[in-house]
Amino acid sequence: MENQNEELEIQHRLYIQEENINVSDLPNEIKQAMRNFNAKLKVYEDTDDESEENELFYQLQQDDVAIADDILTWWEDENAEGEEEID
């Protein structure tokens, strides 16, 4: 069975690259969510069960959006604090 991995664009990774965010600067909660995501992605990549693959794909999409949203919120908060200090 061929995985749908090509269909899975990992948005939080793209956002980190686009904004040149250093992962080590992220809060521990976000880094832990990313580790959990990577573990689930590994299971997804290794599964041969189509129904499990479909369920994991759906979960990965939801997790990815949540992580990307958390990173975006953190990034905006970090930059807002920097802008306030300049004013």
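Accessible areas here come from the Shrake-Rupley method with a 1.4 Å probe. The model is predicted.

**Exercise 1. Describe the exposed surface and the overall fold of the chain.**

Step 1. The chain exposes about 6,000 Å². Carbon and sulfur atoms supply 43% of that area.

Step 2. Buried residues make up 28% of the 87 residues.

Step 3. Three helices and zero strands are present, and along the sequence they give the pattern α-α-α.

Step 4. Among contacts with a separation of 6 or more, 72% join residues 24 or more positions apart.

**Exercise 2. Identify the residues at the centre of the contacts in the largest nonpolar core, and state which helices supply the core.**

Step 1. This core has 17 residues, and those touching the most other members are Ile21, Leu26, Ile30, Met34, Leu41 and Ile71.

Step 2. At least two core residues come from each of α1 (11-18), α2 and α3. The largest share, six residues, belongs to α3.

Step 3. Take Ile71 as an example. Leaving out residues up to four places away in sequence, Ile71 touches His12, Tyr15, Ile16, Ile21, Leu26, Ile30 and Met34.

**Exercise 3. Determine whether threonine 47 is buried or exposed, and list polar partners of its side chain.**

Step 1. Threonine 47 sits in the loop between α2 (28-46) and α3 (50-86).

Step 2. Its relative accessible area is 9%. Buried means under 20%, so threonine 47 is buried.

Step 3. The threonine 47 side chain reaches the backbone nitrogen of aspartate 49 at 3.2 Å. It also makes a polar contact with the side chain of glutamate 52, at 3.2 Å.

**Exercise 4. Classify the two aromatic pairs of the structure.**

Step 1. A pair of aromatic rings is described by the distance of the centres and the angle of the planes. Planes under 30 degrees apart count as stacked, over 60 as edge-to-face and the rest as tilted.

Step 2. For tyrosine 44 and phenylalanine 57, the centres are 6.0 Å apart and the planes stand at 35°, so this pair is tilted. The pair links distant parts of the chain, with tyrosine 44 in helix α2 and phenylalanine 57 in helix α3, 13 residues apart.

Step 3. Tyrosine 44 is buried at a relative accessible area of 0%, and phenylalanine 57 counts as buried at 12%.

Step 4. For tryptophan 74 and tryptophan 75, the centres are 5.9 Å apart and the planes stand at 40°, so this pair is tilted. Tryptophan 74 has 14% relative accessibility and therefore counts as buried.

Technical notes. Residues are numbered from 1 along each chain as its sequence is written. This is a predicted model: local features need pLDDT of at least 70, side-chain atom pairs count only at pLDDT 80 or more; totals for chains, interfaces and linings use all residues. Side-chain values use heavy atoms; hydrogens and water are left out. Helices (H or I, at least four residues) and strands (E, at least two) are DSSP runs, numbered from the N terminus. Buried means under 20% relative accessible area, exposed over 50%, partly exposed in between (1.4 Å probe, protein chains only). A polar contact is a pair of N or O atoms within 3.5 Å; within protein, one must be able to donate a hydrogen and the other to accept it, and residues adjacent in sequence count only if both atoms are side-chain atoms. A nonpolar core is a set of buried Ala, Val, Leu, Ile, Met, Phe, Trp, Tyr and Cys residues joined through side-chain atoms within 4.5 Å. Contact means heavy atoms within 4.5 Å. Rings of Phe, Tyr and Trp (its six-membered ring) pair if their centres lie within 6.5 Å; planes under 30 degrees apart count as stacked, over 60 as edge-to-face and the rest as tilted.
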